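The following exercises concern side-chain packing. Each task is followed by a solution in steps.

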Amino acid sequence: MKRIAICASGNILNWDNCIRSWNKITDLNNVDCFCHIYKHSEQEKLISTLNPKKFIISTEHQPSNSNVLHGILASNQLKNTYELEFGFVYDIVINIKYNV
């Protein structure tokens, strides 16, 4: 079975509208989530729903392209660290925003 990593980042706009889509993703047995989150009132809901292997919460957020890139790189770095810690490489890596 292929191992799949979901590297999520971006703004949490309305987590309650996204939960059903994310539950379909996280119900798969071979999917691990890694999350970069900007501090938000719904971050605890997100963490409890996704149950990420690793996550980081950033406190500063200024809307810009560099912050988008920062979030993508941060979630991928969490995945890379996890791979090194456990001695394997994911077969498939998906970068995704929270509002799917």
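**Exercise 1.** Is Y90 buried or exposed, and what is its relative accessible area?

*Solution.* The model is a predicted one. The computed relative accessible area of Y90 is 5%. Buried means under 20%, so Y90 is buried.

**Exercise 2.** Determine the geometry of the ring pairs that involve F88, and place them among the aromatic residues of the model.

*Solution.*
1. Searching the whole structure yields six aromatic pairs.
2. For Y82 and F88, the ring centres are 6.1 Å apart and the planes meet at 85°. An angle over 60 degrees counts as edge-to-face, so this pair is edge-to-face.
3. F88 also pairs with Y90, at 4.9 Å centre to centre and with 70° between the planes, which is again edge-to-face.
4. Regarding accessibility, Y82 has a relative accessible area of 11% and is buried; F88, at 18%, is buried as well.
5. Through ring pairs, F34, Y82, F86, F88 and Y90 are linked into a cluster.
6. A charged residue completes the surroundings of F88: R3 lies over the face of this ring, at 4.1 Å from its centre.

**Exercise 3.** Which residues of helix α2 are buried, and why do they lie on the same side of the helix?

*Solution.*
1. Helix α2 spans residues 43–50, and its buried residues are Q43, L46, I47, T49 and L50.
2. Around the axis these residues cover an arc of only 165°, which puts them on the same side of α2.
3. The spacing follows from helix geometry: an α-helix has 3.6 residues a turn, so residues three or four places apart point the same way.
4. E44 and S48, on the other side of α2, are exposed.
5. The packing partners of the buried residues are α1 (15–26), β2 (31–38) and β3 (54–58).
6. After α2 comes N51, which has a positive phi, near 45°.

**Exercise 4.** How many residues does the largest nonpolar core have, and which of them have the most contacts inside it?

*Solution.*
1. The largest nonpolar core has 16 residues. Those with the most contacts inside it are W15, W22, C35, L46, L50 and Y98.
2. At least two residues of this core come from each of β1 (4–9), α1, β2 and α2.
3. Another core, of six residues, lies apart from it; among its members are A5, F34, Y82 and F88.
4. Comparison with Exercise 2 is instructive: F34, Y82 and F88 also belong to the cluster linked by ring pairs.

Notes:
Residues are numbered from 1 along each chain as its sequence is written. This is a predicted model: local features need pLDDT of at least 70, side-chain atom pairs count only at pLDDT 80 or more; totals for chains, interfaces and linings use all residues. Side-chain values use heavy atoms; hydrogens and water are left out. Buried means under 20% relative accessible area, exposed over 50%, partly exposed in between (1.4 Å probe, protein chains only). Helices (H or I, at least four residues) and strands (E, at least two) are DSSP runs, numbered from the N terminus. The arc is that of the directions from the helix axis to the C-beta atoms. Contact means heavy atoms within 4.5 Å. Rings of Phe, Tyr and Trp (its six-membered ring) pair if their centres lie within 6.5 Å; planes under 30 degrees apart count as stacked, over 60 as edge-to-face and the rest as tilted. A charge sits over a ring if NZ of Lys or CZ of Arg is within 6 Å of the ring centre and within 35 degrees of the ring normal. A nonpolar core is a set of buried Ala, Val, Leu, Ile, Met, Phe, Trp, Tyr and Cys residues joined through side-chain atoms within 4.5 Å.
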